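Trainee: I am new to this structure. Please take one part of it and walk me through that part closely.

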Amino acid sequence: MAISSTVNIKNKRASFEFHLLDRYVAGIALLGTEIKSIRQGKANINDSFCAFFEDGLYIRNMHIAEYSFGSFYNHEAKRDRKLLLTKKELKKLREKGEEKGFTIVPLRIFVNERGYAKIEIALAQGKKDFDKRDSIKERESKRELDRAMKR
C-alpha cells in the first residue's frame, strides 16, 4: 500500500549561503506526534544544522510544531533528532565535517512512498559575499533569458 504525500519542506537559504558538495538522504528518528505534524507540513529547517555527538549525527534547531490533537503525549518543538545513515556515510561525513570551512546542512524534508519522513542533507562550504553576488547575477540573467525565450 503506497501512501501518496506532497510534503516537501525546503531550506531555500542553504543554496544561497553555501556551496553544496555531496548530498545524502537520511532517515529521521521521530516520535508519533512529530511525524503527524510533518505530514501536515508544519516543520521548519531554515535555521537548523547537523552536528556529531558521541553516538551519531543529529539535526539541531529543527522546529516541528506540536501536533494539535496530541494531548500530553506531545513532543518538544526544537529537540535534537537523530539522523539515520549507514556507518560508511557517517564516517565520510565525520571526516569531511571536521575539516575547516565545511558544515552539514539540511536541504529538504519529504515523505517517501512508504510514508517515512526523510531528510536530504548536504556537505557544504560557506560562500563569501562576492560568491553570493555571483549567484544573484546568475539567477537574474537566467530569468531574463527565460523571459526572452517566452516572448
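Mentor: Here is a close look at the sheet, followed by one lysine. Keep in mind that this is a predicted model.

Start with the sheet. It is open and has seven strands. Their order is 1-8-9-2-7-5-4, and the pairing is antiparallel. Strand 1 (8-10) and strand 4 (49-53) stand at the edges. Each has a single partner strand, so one side of each is left without a neighbour in the sheet. From one strand to the next, the twist averages 40°.

Now go to the edge at strand 1. Its pairing with strand 8 (residues 102-111) is antiparallel and runs over three bridges. Look for Ile9: across from it, in strand 8, stands Ile109.

Next, add a helix to the picture. Helix 2 (residues 32-39) lies across four strands: strand 1, strand 7 (81-84), strand 8 and strand 9. Its angle to strand 8 is about 75°.

Strand 9 (117-126) leads to the lysine. Lys127 sits in the loop between strand 9 and helix 4 (129-150). Is Lys127 buried or exposed? Its relative accessibility is 16%, and buried means under 20%. Lys127 therefore counts as buried.

What surrounds Lys127? Set aside its neighbours within four places in sequence. Lys127 is then in contact with Ser15, Phe16, Glu17, Phe18 and His19, and also with Lys132 and Ser135. With Ser135 there is a polar contact, side chain to side chain, at 2.7 Å.

Definitions and conventions. Residues numbered from 1 in each chain as written. Predicted model: local features only at pLDDT ≥ 70, side-chain atom pairs only at ≥ 80, totals over all residues. Heavy atoms only, no water. Helix = DSSP H or I, 4+ residues; strand = E, 2+ residues; numbered from the N terminus. Buried < 20%, exposed > 50% of the residue type's maximum accessible area, 1.4 Å probe, protein only. Polar contact = N/O pair within 3.5 Å; in protein donor to acceptor, adjacent residues only side chain to side chain. Contact = heavy atoms within 4.5 Å. Pairing = 2+ DSSP bridges. Axes fitted to C-alpha atoms, helices over the stretch in contact; angles between N-to-C directions.
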